[in-house]
Amino acid sequence: MKTKTIGREDSCDLVLEHSTASRLHARLELTQGGNLSLVDADSSNGTFLNRNDDWIRIRKVNLCVGDIIRFGDHEVALQQLTAIFGKHRDIRLGAKHFSLRQGKSSHGSGSDPGKSGSSMQKPRRNPLTGKIEENS
């Protein structure tokens, strides 16, 4: 396993110049299988993950395409985190998680049976940016 550090200290692999970042805020762990995990290092202001438009404080998480990460109040792009390992070809991000809260429920009288297939269609995401692309 390869480990990189994130924080305000000059000795960190990714130096965060933000007052809400701890000296040693978090660690990135790259397994031999290529999975990338983010581990909070008991930081004062927390490490947060935004998935499906919900911010949650994390202790440890496997990173996925489209994740948004925040150290304290400082947001860092996923590409910046993966770049810490250089052009390492073995980094694999998990598949994007989709919320089931989108649209109307398929139970009860509120759903339109003619539109149920289109509301459940999985959108296509750009693997580099994580942004939703229009289906052709």
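## Salt bridges in the predicted model

Arg27 is partly exposed, with a relative accessible area of 27%, where partly exposed is the range between buried (under 20% relative accessible area) and exposed (over 50%), computed with a 1.4 Å probe on protein chains only. This is a predicted model, in which local features need pLDDT of at least 70 and side-chain atom pairs count only at pLDDT 80 or more, while totals for chains, interfaces and linings use all residues. Residues are numbered from 1 along each chain as its sequence is written, and side-chain values use heavy atoms, with hydrogens and water left out.

A salt bridge is taken here as a side-chain nitrogen of Lys or Arg within 4 Å of a carboxyl oxygen of Asp or Glu, and by this rule there are four salt bridges. Three of these are listed below.

| Pair | Closest N to O |
|---|---|
| Arg27 and Glu29 | 4.0 Å |
| Glu29 and Lys60 | 3.6 Å |
| Arg59 and Asp40 | 3.9 Å |

Glu29, which pairs with Lys60, lies in strand β3 (residues 26-30), whereas Lys60 lies in strand β7 (residues 60-62), so that this pair ties together parts 31 residues apart in sequence; strands are DSSP runs of E with at least two residues, numbered from the N terminus. Glu29 is buried at 11% relative accessible area, while Lys60 is exposed at 53%.

Arg59, whose side chain meets that of Asp40, sits in the loop between β6 (54-58) and β7, and Asp40 belongs to strand β4 (residues 36-40), so the pair links parts that are 19 residues apart in sequence. Arg59 is exposed at 55%, whereas Asp40 is buried at 6%. Through shared partners, salt bridges join Arg27, Glu29 and Lys60 into one network.

How values were computed:
Helix = DSSP H or I, 4+ residues; strand = E, 2+ residues; numbered from the N terminus.
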